Amino acid sequence: KSNKFNYTNMTSRRQFFKYLLAIAIVPIPVLSAVSKKIFSNKFSVPRLELGERKGKDVYFNLNIQKGLSQILPGKATPTWGINQPFLGTTLRAKKGDSVHINVSNSLSRTTTLHWHGVKLPAKADGGPHQPIHPGKTWLSEYEINQPAASLWYHAHQMHETGEQVYNGLAGMFIVDDDESKLLGLPSEYGIDDFPVIIQDKEINKDGSFEYIGRFDVEAGMMGKMGETILVNGVTNSLLSAQKSLIRLRILNGSNARIYNLQFDDNRSFKIIASDGGLLEESVSVNNITIAPAERIEIVVDVSDGARITLIHNAQMDGMGNMESSEMGFFETIAMSIFADDSPPKNYNIFQIDASKALPSSTTVPIKLSTHQDISQEPIAERRTMLLKMEDGSPFTTMTVAILGSKDLMTINGKSMDINRIDEVVKAGTVEVWKIVNASMMAHPFHIHNVQFKVLNKMHGIKGHELGYKDVVLVQPGETLEVVMKFPDFRDDKTPYMYHCHILEHEDRGMMGQFVVV
Ligand code: C2O
Ligand code: CU
Ligand code: CU
């Protein structure tokens, strides 16, 4: 049942994808309409927590809680947060530290707290196997043994990750190390170094977040998106720059939206880090594409004192050339139903006013770090991960659509089963995983407990994809490979996850489990 699709003759489907996905292949520097607005909400800098330090041991107390936040003027939005009403505080520790994180759940729902991008024992991972029931606490302990990076943490409750992250259970976890300090990069938190957690929400008239209902097939299929863009929980915010060099630790914390980011004056900026930490060399670009769960650190020079807006340029055409695809029955139907010819829409993310910025004393070096070359090491195992949006049988998929079951999405033909171990990996070995996207949507593929390098990517490897990654965007019809060395934590009972980081896909089964032995 292999079908050939010619996208050039499929205008509405193409438009639809332009509108929804907009993945950058060709940079188009056009943007006038969106950016002249003046933003006035204060840029929100999440509170920084350093924990309680006793030598190399650092103790954090986290409380997962409900709260009320003012996101739209005069409206109270029920939100969830960690140590604050909405989103998590920024945690910070150092390579070599042993962290002890005590997580209490004050919600009336079971949740988890996952350390995304961290190399750690499976029991400390915070995935679906470490549920924290209402009123209970969970202790996650591990030693940080990886370079400086912008990692993050978020809820990972089975079938509910999408809703729980949407409500606010996500925050940034910054790891420092001595080597990166010597580079003199902007690194004063809240002064010239900022987390930028980008999320899109659908907000009801009464201020409440609108997530998806059981029968909302479109959002289930495409992932939940919304028209209101938040940065660190605030819309239309303005960052008054104090320094002329600004470091932004951008995290796409959205459930499903992929952003093509650029400044409205199309100025260039430098990419310094990817998910797993500093690149070997900084890269100068005018735009970046960032998929859900990815982190890209950039440094932008605002010494000209301008007022600039970071925007999502949805006009960048993202389809690429998909030669053929093995598309399922339901996916085909869904794509035609949801096809939309409305023009792609740009979004303002936030604004920087540099009129009062003082000159920074540093510059961004070209050489930033040296990555260990594992390509010469023997490859212990090669695996293939085939991503599909359904199992292909018309009967199953129609039943699924009608009954709203969550088993629409598969990896290697299987939907996630928490009682099934899909792969067994040997600790300390190097593996190559081939990720094959046999669907019409792009999927950001994530693996727990590792930082990998991207190899053999059809559309080329550039920018942040040259660095260490724990999630990689796989375009429709694309095949790529990742190579990684699995850390030496063994536990044949407790699995780690790999999955699509469009949270609605993860919740509907595009996830699998591996143990390291
Ligand atoms: Cu960020 Cu398994 O997730
Ligand atoms: Cu993860
Ligand atoms: Cu997906």
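A residue counts as buried when its relative accessible area is under 20%, as exposed when that area is over 50%, and as partly exposed in between, using a 1.4 Å probe and protein chains only. The model described here is predicted, so local features need pLDDT of at least 70 and side-chain atom pairs count only at pLDDT 80 or more, while totals for chains, interfaces and linings use all residues. Residues are numbered from 1 along each chain as its sequence is written, chains are lettered from A and ligands numbered from 1 in the order in which they are written, and side-chain values use heavy atoms, with hydrogens and water left out.

Two copper sites are set out below, where donors are N, O and S atoms within 2.8 Å of the metal (3.2 Å for Na, K and Ca); water is not among the atoms, so sites may look incomplete.

| Copper ion | Protein donors | Distance |
|---|---|---|
| ligand 3 | His443 (ND1), Cys500 (SG), His505 (ND1) | 2.0 to 2.1 Å |
| ligand 2 | His114 (NE2), His446 (NE2) | 1.9 to 2.0 Å |

For ligand 3, the donors follow the spacing H-x56-C-x4-H along the chain. Because His443 lies in strand E28 (residues 443–447) and His505 in helix H7 (residues 503–507), this pair ties together parts that are 62 residues apart in sequence; here helices (H or I, at least four residues) and strands (E, at least two) are DSSP runs, numbered from the N terminus. His443 counts as buried, since its relative accessibility is 0%, and His505 is likewise buried at 0%.

At ligand 2, His114 lies in strand E9 (residues 114–116) and His446 in strand E28, so the pair ties together parts that are 332 residues apart in sequence. Both His114 and His446 are buried.
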